[in-house]
Amino acid sequence: MEGRIVEVQDTWREGALVDDAKYREMYKASVSDPEAFWGEHGKRIDWMTPYTRVKNTSFEPGQISIKWFEDGKTNVAYNCVDRHLGTRGEQTAIIWEGDSPDESKHITYRELHAQVCRWANVLRNRGVGKGDRVTLYLPMVPEAAYAMLACARLGAIHAIVFGGFSPDSLAQRIQGCGSKVVITADEGLRGGRKVPLKANVDEAIKRLGSPIVEHVVVVRRTGGAVAMEPGRDVYYDEAAEQVTDECPAEPVEAEHPLFILYTSGSTGQPKGVVHTTGGYLVYASMTHQYVFDYREGDIYWCTADVGWVTGHSYIVYGPLANGATTLMFEGIPTYPSNSRFWDVVDKHKVNIFYTAPTAIRSLMGGGEGPVKKTSRASLRVLGSVGEPINPEAWDWYYKVVGDSRCAIVDTWWQTETGGILITPLPGATALKPGSATRPFFGVKPEMVDAEGKVLDGACEGNLCIADSWPGQMRTVYGDHERFEQTYFSTYPGKYFTGDGARRDTDGYYWITGRVDDVINVSGHRMGTAEVESSLVAHPKVSEAAVVGYPHNVKGQGIYAYVTLNEGENGDDGLRKELVAWVRKDIGPIASPDLIQFAPGLPKTRSGKIMRRILRKIAEDDFGSLGDTSTLADPAVVDDLIDNRQNRA
Ligand code: 6R9
């Protein structure tokens with residue numbers, strides 16, 4: 001199955017930006033002379049002060065420093081909005097499709113400009129200026145894009161927190177970056193259900209140790225009644241009446257931070273990933289154009305939430321920088337029916353569609369009927385992101401959704417990388433189902449073994465990137481040391497992705513998944529340490545170890561081994577209680593799927609939990625546990641096997 005090749009169809013190559021020969025030529029140029037390559041492509045955005053220096057980067061231990069176009073000045077909102085007004089002011093910038101199929105609207109670039117300026121003025125009136133952090137906790141409404149671009153316009157730094165995170169997680173992130181202003185909505189609306197966003201913000205603010213938040217700006221989405229604290233909280237529509245719709249875009253240095261986005265790692269609390277202005281926008285817009293073979297007039301739809309990096313780079317910044325029409329969807333794939341995605345494709349004549357394998361797998365469960373009763377004739381390119389796409393899901397996407405007519409781009413990247421790093425290009429790359437295929441321009445993947453030895457040719461190992469690319473994260477907010485430690489210390493001199501991969505004889509990459517203690521649940525990253533620390537905070541729990549296991553729809557599920565305090569009784573009631581506890585503590589995406597009560601965990605004599613063994617048992621693959629001779633008490637393993645929760 002893995003050797004299968006799906007050749008580039010003539011229709012994909014016709015009118016495409018690059019064919020295979022052009023890809024090879026451009027790739028070679030990009031890695032042999034990055035200065036010249038990016039010096040040229042950096043001009044795809046408008047600069048208020050042109051750069052003269054292109055690349056100034058170091059992956060050397062102790063001197064990690066990443067700067068691109070450093071003496072240039074620009075503004076991201078200017079590039080995503082103002083520069084299009086002369087040529088496409090009346091073109092739709094954003095199509096918004098509401099949770100209910102009866103609700104949608106089109107926002108032109110001219111309207112977007114007015115909205116962004118008004119938002120910027122509302123924020124400026126609340127003391128927001130260059131370098132200030134603003135937390136966004138919003139549903140998928142156009143106001144999310146307006147507020148992001150308004151921050152960028154002022155040189156302020158947005159930090160979006162996904163609306164599914166709990167008040168505690170939100171508080172942690174507000175505190176982490178010291179936001180004086182929080183932007184939220186009265187309530188969100190997903191699949192007909194309301195999400196109490198403003199109430200969560202109130203809870204979060206109560207939990208902050210010191211008074212950090214001075215202003216809360218509230219978008220009216222449902223009109224539901226919410227508590228408003230006088231002097232602190234204001235409805236956006238009321239504040240907007242007080243300001244004009246003109247506001248100049250502040251030119252900022254190329255390396256001025258654009259946003260902070262918290263993401264889970266293998267240890268500790270989530271890290272604030274920092275992306276900056278110039279390199280990020282060049283990279284996001286260039287990948288958006290080439291990877292999706294974006295063409296003038298295309299309707300482009302990425303189904304991600306703006307709370308994740310995919311929403312940042314491929315709903316807002318990349319497409320808008322390219323003057324595209326980007327569709328923003330508030331709802332879910334299964335509401336009001338399993339046909340929703342395809343109904344929306346037909347309603348808005350979508351040409352490029354970008355989603356996650358977990359969505360594809362969940363829709364596969366509903367069979368071909370809900371897909372086949374729609375036309376989908378407008379589709380040309382289908383994208384996948386977030387986790388490895390298994391060949392069965394790939395085939396279904398290709399044959400059932402795309403009628404064997406559309407190119408598939410399986411795009412591998414990370415919050416840290418800012419944009420897509422390994423991917424096919426529709427007109428250029430012969431596809432292999434399950435492989436993210438080849439590196440994008442300027443990206444130098446390197447495979448290393450556990451000792452850090454660089455591997456040649458076809459091989460399996462840990463995926464590193466040997467040199468910087470413009471979209472790379474610059475630091476962990478407030479903790480450059482952690483940046484270096486996390487990404488550059490495992491294999492000195494290289495950026496370590498945390499992913500394992502295989503490279504085949506054609507030089508194609510097959511991402512096999514995380515090699516660290518990060519679980520990928522429905523394309524969302526969860527650190528095992530975060531779930532463990534939540535579980536052990538429960539009064540009945542003495543110890544917990546969390547691992548991932550294969551899950552049919554989610555890709556990976558969360559499997560928790562829990563040791564209870566003396567005298568506590570592990571039953572289904574307590575299981576439910578612990579799931580609810582973690583949901584409330586972190587958010588629904590962290591809910592354990594399976595909980596096994598374990599009288600003891602397998603530990604080495606030095607007290608280290610042997611996760612390898614726990615993973616095997618969770619996978620229901622305990623025939624090959626490997627070396628267990630270093631266990632302090634080998635008997636615990638038998639009990640774990642006897643009481644395993646995931647049985648075939
Ligand atoms: C963009 C995004 C990053 C992790 C990454 C990897 C996994 C993403 C993938 C993929 C295989 C793909 N991942 N895309 N694995 N094939 N096409 O998802 O960012 O949330 O930071 O997750 O997701 O394991 O390391 P993020």
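This passage walks through the sheets, annotated spans, cavities, aromatic pairs and backbone oddities of a predicted model.

The model being predicted, local features are reported at pLDDT of at least 70 and side-chain atom pairs at pLDDT 80 or more, while totals for chains, interfaces and linings use all residues. Residues are numbered from 1 along each chain as its sequence is written, and side-chain values use heavy atoms, with hydrogens and water left out.

Sheets come up here first. Helices (H or I, at least four residues) and strands (E, at least two) are DSSP runs, numbered from the N terminus, and two strands pair if DSSP finds at least two bridges between them. One open sheet is built from eight strands with mixed pairing, in the order β12-β11-β8-β6-β7-β14-β15-β23. Its edges are β12 (233-235) and β23 (475-476); each has a single partner strand, so one side of each is left without a neighbour in the sheet. Inside this order, β8 (residues 181-185) and β11 (residues 215-219) run parallel and share five bridges, with Ile183 sitting opposite Val217 in β11.

Another open sheet has four antiparallel strands, ordered β21-β22-β24-β25. Here β21 (445-448) and β25 (509-514) are the edge strands, each pairing on one side only. On average, neighbouring strands are turned by 45 degrees against each other, direction ignored; the axes behind that angle are lines fitted to C-alpha atoms (for helices, over the stretch in contact), and angles in general run from 0 to 180 degrees between N-to-C directions. Strand β24 (residues 495-503) is joined to β25 by five bridges in an antiparallel arrangement. Arg503 has Tyr509 of β25 as its bridge partner, and Ala501 has Ile511 of β25. The β24-β25 hairpin leaves five residues between the strands, and Gly507 in this hairpin takes a positive phi near 80 degrees.

Two annotated spans come from an unreviewed UniProt entry; positions follow the numbering used here, feature names are shortened, and annotations may be inferred rather than shown by experiment. The record puts "domain: Acetyl-coenzyme A synthetase N-terminal" at residues 23-80. That stretch is 40% helix and 17% strand, with its end C-alpha atoms 27 Å apart. The record also lists "domain: AMP-binding enzyme C-terminal" at residues 530-608, a span that is 27% helix and 32% strand and has its end C-alpha atoms 17 Å apart.

As for internal space, a cavity is a set of points, on a 1 Å grid over the protein atoms alone, where a 1.4 Å probe fits but cannot get out, and lining residues have an atom within 4 Å of a point. Grid points are joined across faces, edges and corners, and a volume is the space filled by probe spheres set on the points. Three cavities of 30 Å³ or more turn up, and the largest has a volume of about 50 Å³. Its lining includes Asn75, Cys151, Gly155, His256 and Thr277. Both α7 (142-154) and β14 (257-263) supply at least two lining residues each. The lining splits into seven nonpolar, four polar and no charged residues (Ala, Val, Leu, Ile, Met, Phe, Trp, Tyr, Cys and Pro count as nonpolar, Asp, Glu, Lys and Arg as charged, and the others, Gly among them, as polar).

Rings of Phe, Tyr and Trp (its six-membered ring) pair if their centres lie within 6.5 Å; planes under 30 degrees apart count as stacked, over 60 as edge-to-face and the rest as tilted. The count is 43 aromatic pairs. One of them, Tyr51 with Phe69, is tilted, at 4.7 Å centre to centre and 50 degrees between the planes. Tyr51 lies in the loop between α3 (34-41) and β1 (55-58) and Phe69 in the loop between β2 (65-68) and β3 (73-74), so the pair ties together parts 18 residues apart in sequence.

Finally, the backbone. Most residues other than glycine have a negative phi, and most peptide bonds are trans. Arg376, not a glycine, has a positive phi of about 60 degrees and belongs to the loop between α15 (369-372) and β19 (381-384). Tyr335 and Pro336 are joined by a cis peptide bond with omega about -5 degrees, Pro336 being in the loop between β17 (325-329) and α13 (340-348).

Methods. 1 Å grid on protein atoms, 1.4 Å probe; cavity = no way out; pocket = protein on both sides within 12 Å on 5 of 7 lines; lining within 4 Å.
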